[in-house]
Amino acid sequence: MSDLLERLRGRGWRLTAQRRVVAEVLDGDHVHYTADEVHAAAAERLPEISRATVYNTLGELVSLGEVIEVTTDGRAKRYDPNAHHAHQHLVCAKCGTIRDVHPSGDLLADLPTQERYGFAISAVEVTYRGLCPDCAA
């Protein structure tokens, strides 16, 4: 069983066939699908699943904090199931490919006190941009 499915079961979230298929599609490392990509993959497994069901399920997963909604450079929202493991994103500026990365060090501690302007900082999000190997070739 996937990490996401295990977390959802642990929460007592009712796993209908449709919800289960959406969670299974989102399972894996470096998964950052758009809602339409989730729907297409889910429909291969469960042809009767509707686009509305996929969108509603993704919204519920985001509300539960089990999936992160990722938006980069005005592109379509993508959904990241790696919500419980600290990571940042590496984004290809040309094709939009997103990879999870785990920089060393404490990103919050790296921000000098004088650059915090009195903010009580609760989270850090860093997006690294560049060209993936395919686009750089």
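**Exercise 1. Classify Arg45 by its exposure, and find the helix and the partner of its salt bridge**.

Step 1. Arg45 has a relative accessible area of 49% and therefore counts as partly exposed, given that buried means under 20% relative accessible area, exposed over 50%, and partly exposed in between (1.4 Å probe, protein chains only). This is a predicted model, in which local features need pLDDT of at least 70 and side-chain atom pairs count only at pLDDT 80 or more, whereas totals for chains, interfaces and linings use all residues. Residues are numbered from 1 along each chain as its sequence is written, and side-chain values use heavy atoms, with hydrogens and water left out.

Step 2. The partner of Arg45 is Glu24, with the closest N and O atoms 3.4 Å apart; a salt bridge here is a side-chain nitrogen of Lys or Arg within 4 Å of a carboxyl oxygen of Asp or Glu.

Step 3. Arg45 belongs to helix α3 (residues 35–45) and Glu24 to helix α2, so the pair ties together parts that are 21 residues apart in sequence. Helices (H or I, at least four residues) and strands (E, at least two) are DSSP runs, numbered from the N terminus.

**Exercise 2. Describe the salt bridge between Glu24 and Arg20**.

Step 1. In this salt bridge the closest N and O atoms of Glu24 and Arg20 are 3.0 Å apart.

Step 2. Both residues lie in helix α2 (residues 17–26), where they are four residues apart, about one turn of the helix.

Step 3. Glu24 is partly exposed at 26% relative accessibility, and Arg20 is partly exposed as well, with a relative accessible area of 29%.

**Exercise 3. Determine which parts of the chain the salt bridge of Glu66 and Arg11 connects**, **and state the total count of salt bridges**.

Step 1. The side chains of Glu66 and Arg11 meet at 2.5 Å, N to O. Glu66 sits in the loop between α4 (51–64) and β2 (68–70), while Arg11 sits in helix α1 (residues 3–11), so the salt bridge ties together parts that are 55 residues apart in sequence.

Step 2. Glu66 is buried, with a relative accessible area of 3%, whereas Arg11 is partly exposed at 44% relative accessibility.

Step 3. By the salt-bridge rule the count comes to nine.

**Exercise 4. Characterise the interface between domain 1 and domain 2**.

Step 1. Domain 1 covers 4–80 and domain 2 covers 88–132, with bounds that come from an automatic or database domain assignment. Eight residues from domain 1 and eleven residues from domain 2 take part in the contact, which is defined by heavy atoms within 4.5 Å.

Step 2. About 860 Å² is buried between the two domains, and carbon and sulfur atoms give 46% of this area; buried area is the accessible area (1.4 Å probe) that two parts lose on being put together, summed over both.

Step 3. The side of domain 1 that touches domain 2 consists of one nonpolar, three polar and four charged residues. Nonpolar means Ala, Val, Leu, Ile, Met, Phe, Trp, Tyr, Cys and Pro, charged means Asp, Glu, Lys and Arg, and the others, Gly among them, count as polar.

Step 4. The salt-bridge rule finds zero salt bridges across the interface of domain 1 and domain 2.

**Exercise 5. Locate Val124 and name the residues that it touches**.

Step 1. Val124 is in the loop between β5 (98–101) and β6 (127–130), and at 31% relative accessibility this residue is partly exposed.

Step 2. Leaving aside residues up to four places away in sequence, Val124 touches Gln88, Leu107 and Leu108. Val124 and Leu108 are 16 residues apart in sequence, with their C-alpha atoms 6.3 Å apart in space.
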